[in-house]
Amino acid sequence: MDTTELTPAAQVIVSLIPIVGIVFGAVIIFFALLWRHRETKQKIKAGTYTAHSYNWKPFFLLTGLVLMGVGLVLTTMFLFMEGFSFMLLGGLIPLVIGAALLIFYRINNFKNTQDDEK
């Protein structure tokens, strides 16, 4: 038996790990959203709820920079490993999304939300 070949039981376990991880993550997100919803509902009933305003400009900048960095590294690595193949999309997709977010950050006219509320 070749040492790189997995037994059928190991193949099943290895294939179940991502599925269990995705389900576990979805359950955590669901209960976090449910908790937030109930908390907001209680604040509304108590009369202490205030709407939050978010500053999206730093979010788009940070997300765009992180995705550009990760996409650039992955694209370079996949290009040297496999050349031009479908594997290269694993780096090009975050690279293009990061570039799109940085372009959106640059061309969008973000207004101060506090001025709009007054």
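This report describes the helices, side-chain contacts and surface of one predicted protein model.

## Overall make-up

The secondary structure of this predicted model comes to four helices and zero strands, and when the protein is read along its sequence the pattern is α-α-α-α. Of the 118 residues in the protein, buried residues make up 10%. Residues discussed below, such as Val12, Leu79 and Leu92, count as partly exposed, a class that lies between under 20% relative accessible area for buried and over 50% for exposed.

## Helix α1

Helix α1 covers residues 8-46, and its 39 residues, taken at 1.5 Å a residue, should span 57 Å; the C-alpha atoms at its ends are 57 Å apart, so the expected value and the value in the model agree. Along this helix there is a kink of about 25° at Leu16, which lies shortly before the proline Pro18. After α1 comes Gly47, a residue whose phi is positive, near 80°.

Leu16 also takes part in a nonpolar surface patch of about 750 Å², which is made by Val12, Leu16, Ile19, Val20, Val23, Val27, Phe30 and Phe31. Val12, one of the residues of this patch, is placed in helix α1, and it counts as partly exposed because its relative accessibility is 48%, a value between the limits of 20% and 50%.

## The salt bridge

How many salt bridges does a search of the whole structure find? The search finds one salt bridge, in which the side chains of Glu39 and Arg36 meet with a distance of 3.5 Å, N to O. As a general point, side chains of opposite charge can pair when their charged atoms come close.

Glu39 and Arg36 are three residues apart in helix α1, so they are separated by about one helical turn. In an α-helix there are 3.6 residues a turn, so residues three or four places apart point the same way. Both partners can be placed by their accessibility as well: Glu39 is partly exposed, with a relative accessible area of 34%, and Arg36 counts as partly exposed at 37% relative accessibility.

## Aromatic rings

A search of the whole structure finds six aromatic pairs. In one of them, the ring centres of Tyr54 and Trp56 are 6.0 Å apart and the ring planes stand at 55°, so this pair is tilted, given that the tilted class lies between 30 and 60 degrees. Tyr54 is exposed because its relative accessible area is 52%, which is over the limit of 50%, whereas Trp56, with a relative accessible area of 46%, is partly exposed.

Trp56 also forms an aromatic pair with Phe59, and this pair is edge-to-face, with 5.6 Å from centre to centre and 80° between the planes. The two residues Trp56 and Phe59 are three residues apart in helix α2, which covers residues 56-82, and they are therefore separated by about one helical turn. Phe59 is partly exposed, with a relative accessible area of 44%. Seen together, ring pairs link Tyr54, Trp56, Phe59, Phe60 and Phe104 into a cluster.

## Helices α2 and α3

Which residues, separated along the chain, can be compared by the distance between their C-alpha atoms? One example is Leu79 and Leu89, which are ten residues apart along the chain and whose C-alpha atoms are separated by 9.9 Å. Leu79 is found in helix α2 and counts as partly exposed, since its relative accessibility is 34%.

A second example is Leu92 and Phe78, which are 14 residues apart in sequence, while their distance in space is 9.6 Å from C-alpha to C-alpha. Leu92 is found in helix α3, which covers residues 89-107, and at 30% relative accessibility Leu92 counts as partly exposed.

Definitions and conventions:
Residues are numbered from 1 along each chain as its sequence is written. This is a predicted model: local features need pLDDT of at least 70, side-chain atom pairs count only at pLDDT 80 or more; totals for chains, interfaces and linings use all residues. Side-chain values use heavy atoms; hydrogens and water are left out. The expected span of a helix is 1.5 Å times one less than its number of residues. The bend at a residue is the angle between axes fitted to the seven residues ending there and the seven starting there. Rings of Phe, Tyr and Trp (its six-membered ring) pair if their centres lie within 6.5 Å; planes under 30 degrees apart count as stacked, over 60 as edge-to-face and the rest as tilted. Buried means under 20% relative accessible area, exposed over 50%, partly exposed in between (1.4 Å probe, protein chains only). Patches are made of residues with over 30% relative accessible area and no salt bridge: like charges are joined within 9 Å, nonpolar side chains (Val, Leu, Ile, Met, Phe, Trp, Tyr) within 5 Å. Accessible areas come from the Shrake-Rupley method with a 1.4 Å probe; for residues, only the protein chains shown count as cover. A salt bridge is a side-chain nitrogen of Lys or Arg within 4 Å of a carboxyl oxygen of Asp or Glu.
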